[in-house]
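The following paragraphs walk through a protein model, taking its ring contacts, sheets, cores and cavity in turn. Keep the sequence and the structure open while reading.

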Amino acid sequence: MGNAKNTYRFQLEKEPASHVKPGGTTREASAKQFPISQGIAGVSMRLAPGGMRELHWHANAGEWGFVVTGSVRNTCLHPDGSSYIDTFGPGDVWYFPRGFGHSIQCVGPGESHFILIFDNGYFSEDHTFSITDWLSHTPVPIAAQSLGVSPDVIARMPKGEAYFAGPGPIPNDLSPYSTPRHDPTLLTTHRYPLMSQQPRRTPGGGTQRTVGVEEFPISTTMAGSVLEIEPGGMRELHWHPNADEWQYYLEGTAEMAVFLAEGEVVMNEYEKGDVGYAPMGTGHYIKNTGKDLLKVLVGFNNGHYQANDLSAWISTNPFDVLSTNLNIPFEDARKLPKHEHFFVPGR
């Protein structure tokens with residue numbers, strides 16, 4: 001079904017890059033490119049070693065990041081004047097509230113790839129507030145006075161927005177130019193090691209790792225999960241009462257269908273690099289249709305993760321209610337789930 005407006009699938013990694021520079025590339029999936037994605041936008045970004053997504057901030061969205069491959073160093077400024085520097089590896093998550101100045105730089109040795117998820121479907125990476133864009137469009141005397149340097153220094157800066165800077169030197173924490181660092185800890189203000197978390201496992205053949213504001217206090221507007229589903233297995237029929245769901249397929253192939261009520265269900269097939277979307281309150285499932293493990297990154301535009309699973313709902317109702325509602329014999333009602341499944345094994 002391609003990228004048509006009536007689909008809940010967007011082939012993000014098959015889209016042309018919107019920014020291509022020596023420092024990096026980016027592909028975007030906002031409501032402009034993926035109209036159904038009204039509540040969440042996403043970006044797939046790659047940085048070359050030493051390449052930098054320059055110092056910038058977002059006025060209309062919080063940023064939730066997940067590192068797929070490689071390592072990056074992020075800097076962040078809080079409005080209270082405090083600042084943070086962290087290094088992120090595969091499986092790590094970051095969060096920057098809207099308006100917080102930050103940068104992202106690949107620390108090598110190879111390329112870094114990360115997924116950015118924003119709590120605003122109409123967010124665009126093109127409309128960020130970048131330091132080079134700002135300074136290059138500020139009169140030189142004003143910029144020089146504000147920074148306390150001579151006009152010659154300003155004149156040597158970029159004449160427009162850099163967006164991707166560098167590549168520059170590979171960051172070296174031992175260098176005398178490096179900001180002094182405290183001993184690194186597993187969890188910091190802006191870093192959460194999601195893939196180091198002990199996963200939720202069920203007999204259905206899958207794992208779930210989830211991080212929300214309870215585990216990661218800075219992430220007040222967004223939560224996220226990584227689902228791993230065995231071949232033939234399925235994340236059961238469920239819905240989220242408090243958030244939209246934005247999916248990035250990391251590995252494998254899948255089927256996902258969205259139930260919109262009034263007899264309407266939209267089903268799509270997904271592969272690595274695709275994006276899926278389930279609006280708040282809509283029923284959906286994710287089934288592994290391949291022979292290998294399915295791995296899906298899921299983002300939510302609410303800091304509190306909530307889900308209502310069909311098996312959990314059914315298991316809380318008396319057999320006579322189920323028999324009458326579903327028009328099945330009482331003995332069939334007794335065969336329905338008596339507890340939550342979450343993952344369901346293949347048949």
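How many aromatic pairs does the structure hold? In this predicted model, there are 15 aromatic pairs. A pair of aromatic rings is described by the distance of the centres and the angle of the planes.

One of the pairs is formed by Y192 and F216, with centres 5.9 Å apart and planes at 45 degrees, which makes the pair tilted. Y192 belongs to strand 14 (residues 191-192), whereas F216 sits in the loop between strand 16 (206-211) and strand 17 (223-229), so the contact ties together parts that are 24 residues apart in sequence. Is Y192 buried or exposed? Its relative accessibility is 11%, so Y192 counts as buried. F216, with a relative accessible area of 1%, is buried too.

Y249 and Y270 make another pair, this one stacked, at 4.8 Å centre to centre and 20 degrees between the planes. Because Y249 lies in strand 19 and Y270 in strand 21 (residues 265-271), this pair ties together parts that are 21 residues apart in sequence. Both Y249 and Y270 are buried. Elsewhere, ring pairs link F88, W94, F96 and F114 into a cluster.

Next come the sheets. Strands of a sheet pair through backbone hydrogen bonds, either parallel or antiparallel.

One open sheet has seven strands in the order 2-3-4-11-6-9-14, with antiparallel pairing. Strand 2 (19-21) and strand 14 stand at its edges; each has a single partner strand, so one side of each is left without a neighbour in the sheet. Strand 14 is also the strand that holds Y192 of the tilted pair.

At the strand 2 end of the order, strand 2 and strand 3 form a hairpin with two residues between them. These two strands pair in the antiparallel sense over three bridges, and H19 has T26 in strand 3 as its bridge partner. Strand 3 (residues 24-29) in turn pairs with strand 4 (residues 41-47), again antiparallel, over six bridges. Here T26 stands opposite M45 in strand 4, and T25 has R46 as its bridge partner. Why is strand 3 described as largely enclosed by the rest of the structure? Five of its six residues are buried, so the description follows from that count.

Further along the order, strand 6 (residues 63-69) is mostly covered, with five of its seven residues buried. Strand 6 pairs with strand 11 (residues 112-118) through six antiparallel bridges, with F114 in strand 11 as the bridge partner of V67. Strand 6 is also joined to strand 9 (residues 93-96), which runs antiparallel to it, by four bridges. In that pairing W64 is matched with Y95 in strand 9.

Another open sheet of seven strands, also with antiparallel pairing, follows the order 1-22-19-24-17-16-15. Its edge strands are strand 1 (9-10) and strand 15 (200-202), and each pairs on one side only. Within this sheet, strand 19 (residues 245-251) is joined to strand 22 (residues 275-278) by four bridges, and the two run antiparallel. The bridge partner of Y248 in strand 22 is V275.

The nonpolar cores come next. In soluble globular proteins, nonpolar side chains tend to be buried together. The largest nonpolar core of this model has 44 residues, and W64, W246 and L297 have the most contacts inside it. Strand 24 (residues 294-300) gives this core its largest share, five residues. Apart from it lies another core, of 20 residues, among them C76, F96, F100 and F118. F96 is also a member of the ring cluster.

Which residues line the largest cavity? They are Q208, S225, L227, R235, H238, H240, E245, I286, V298, F300 and Y305. The cavity has a volume of about 60 Å³, and the structure holds one cavity of 30 Å³ or more. Strand 17, strand 18 (234-239) and strand 24 are the elements that give two or more residues to the lining.

R235, one of the lining residues, also lies over the face of F342, at 3.6 Å from the ring centre. The charged end of R200 sits over the ring of F342 as well, 3.9 Å from its centre.

Note on methods: Residues numbered from 1 in each chain as written. Predicted model: local features only at pLDDT ≥ 70, side-chain atom pairs only at ≥ 80, totals over all residues. Heavy atoms only, no water. Pairing = 2+ DSSP bridges. Buried < 20%, exposed > 50% of the residue type's maximum accessible area, 1.4 Å probe, protein only. Core = buried A, V, L, I, M, F, W, Y, C linked by side-chain atoms within 4.5 Å. Phe/Tyr/Trp six-rings, centres within 6.5 Å; stacked < 30°, edge-to-face > 60°. Lys NZ or Arg CZ within 6 Å of the ring centre and 35° of its normal. 1 Å grid on protein atoms, 1.4 Å probe; cavity = no way out; pocket = protein on both sides within 12 Å on 5 of 7 lines; lining within 4 Å. Points joined across faces, edges and corners; volume = space filled by probe spheres on them.
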